[in-house]
Amino acid sequence: MASTSALTANISNILTSRNCVKASAFSSSPFGTSKRKSVRICALFGGNKDKNEENGEAPEKKAGVFGNMQNLYETVKKAQMVVQVEAVKVQKDLAATEIDGYCEGELVKVTLSGNQQPIRIEITEAAMELGPEKLSLLVTEAYKDAHQRSVQTMKERMADLAKSLGMPPDLGGT
């Protein structure tokens with residue numbers, strides 16, 4: 001078994017451009033022989049040598065220790081901008097969309113925007129003749145129908161947006 005002092009690593013070379021370390025260690029066997037072993041350790045944001053480096057040529061481009069993280073950050077930032085722009089377009093489209101809801105018998109019609117803002121209510125003469133209590137129930141029923149349709153339309157548009165951006169359509173739990 002190797003002794004503690006025999007296993008202590010001797011750091012011989014630090015390659016800062018690739019965040020790699022070459023280490024040498026001596027180990028001894030129970031039979032009295034010792035061997036020298038070399039190990040190359042590369043850090044998380046370093047990496048392997050470029051093929052051009054191995055051939056003795058200069059590499060084309062080195063990203064540095066955090067270069068790949070910077071590229072990832074920029075990519076995520078651009079993706080967020082695209083999502084924001086597309087979401088604003090969908091919201092404007094929904095605001096301009098009119099969705100109708102009806103009560104039983106279509107005596108009352110309620111119109112909402114795609115983002116659930118009330119636009120108008122149309123009440124027939126037949127509904128007015130039923131009295132205030134029944135009319136109130138019919139308006140509530142028509143409003144609930146319009147709201148349900150409006151919410152469904154909004155969910156469909158947002159699912160379409162998610163799909164167009166390559167995200168799973170059920171991301172929002174619809």
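The following exchange walks through a predicted model of one protein chain.

Trainee: How many helices and strands does the secondary structure of the chain come to?

Mentor: From the N terminus on, the elements run α-β-β-β-α-α-β-β-β-α-α. Counted by type, the secondary structure of the chain comes to five helices and six strands.

Trainee: What percentage of the residues of the chain count as buried?

Mentor: A residue counts as buried when its relative accessible area is under 20%. The chain exposes about 12700 Å², and carbon and sulfur atoms supply 55% of that area. Of the 174 residues of the chain, the part that counts as buried is 20%.

Trainee: What is the order of the strands in the open sheet of three strands?

Mentor: Strand β4 covers residues 98–102 and strand β5 covers residues 108–113, and five bridges join these two antiparallel strands. Five bridges also join β5 to strand β6, residues 118–123, and this pair runs antiparallel as well. The open sheet, with its antiparallel pairing, therefore has the order β4-β5-β6.

Trainee: Which strands stand at the edges of that sheet?

Mentor: The sheet is open and its order is β4-β5-β6. Two of its strands have a single partner strand each, so one side of each is left without a neighbour in the sheet, and these edge strands are β4 and β6.

Trainee: By what angle are neighbouring strands of this sheet turned against each other on average?

Mentor: The strands concerned are those of the open sheet with the order β4-β5-β6. With direction ignored, neighbouring strands of this sheet are turned against each other by an average of 20°.

Trainee: Which helix packs on the sheet?

Mentor: The helix in question touches β4, β5 and β6, and its direction makes about 140° with that of β4. Residues D145 and K144 are both found in this helix, which covers residues 132–164 and is named α5.

Trainee: With which residues is D145 in contact, leaving aside its neighbours within four places in sequence?

Mentor: D145 lies in helix α5, and this helix packs on the sheet, where β4 is among the strands touched. D145 is buried, because its relative accessible area is 18%. Once the neighbours within four places in sequence are left aside, the residues in contact with D145 are D100, G101 and Y102.

Trainee: Is K144 buried or exposed?

Mentor: K144 is found in helix α5, and its C-alpha atom is separated by 8.8 Å from that of C103, although the two residues are 41 residues apart along the chain. The cut-off for this class is a relative accessible area over 50%. Because K144 has a relative accessible area of 59%, K144 is exposed.

Trainee: Which residues of strand β4 point to one face and are buried?

Mentor: The side chains alternate along strand β4, so that E98, D100 and Y102 point to one face and are not buried. The residues that point to the other face and are buried are I99 and G101.

Trainee: Which residue in β6 does K109 stand opposite?

Mentor: K109 belongs to β5, where it stands opposite Y102. Another residue, L112, stands opposite P118 in β6. For K109, the residue opposite in β6 is E122.

Trainee: What is the phi of E106, which is not a glycine?

Mentor: E106 is found in the loop between β4 and β5, and the hairpin of these strands has five residues between them, with G105 in the turn at a positive phi of about 85°. At 54% relative accessibility, E106 counts as exposed. Although E106 is not a glycine, its phi is positive, at about 55°.

Trainee: Is Q116 buried or exposed?

Mentor: Q116 is found in the loop between β5 and β6, and the hairpin of these strands has four residues between them. Phi of Q116 is near 65°, a positive value in a residue other than glycine. Because the relative accessible area of Q116 is 18%, Q116 is buried.

Trainee: Which residues form a nonpolar patch on the surface?

Mentor: One member of the patch is found in helix α3, which covers residues 67–96, and this residue counts as partly exposed, at 37% relative accessibility. The members have about 250 Å² of accessible area together, and they are M69, L72 and V76.

Conventions: Residues are numbered from 1 along each chain as its sequence is written. This is a predicted model: local features need pLDDT of at least 70, side-chain atom pairs count only at pLDDT 80 or more; totals for chains, interfaces and linings use all residues. Side-chain values use heavy atoms; hydrogens and water are left out. Patches are made of residues with over 30% relative accessible area and no salt bridge: like charges are joined within 9 Å, nonpolar side chains (Val, Leu, Ile, Met, Phe, Trp, Tyr) within 5 Å. Accessible areas come from the Shrake-Rupley method with a 1.4 Å probe; for residues, only the protein chains shown count as cover. A salt bridge is a side-chain nitrogen of Lys or Arg within 4 Å of a carboxyl oxygen of Asp or Glu. Buried means under 20% relative accessible area, exposed over 50%, partly exposed in between (1.4 Å probe, protein chains only). Contact means heavy atoms within 4.5 Å. Axes are lines fitted to C-alpha atoms, for helices over the stretch in contact, and angles run from 0 to 180 degrees between N-to-C directions.
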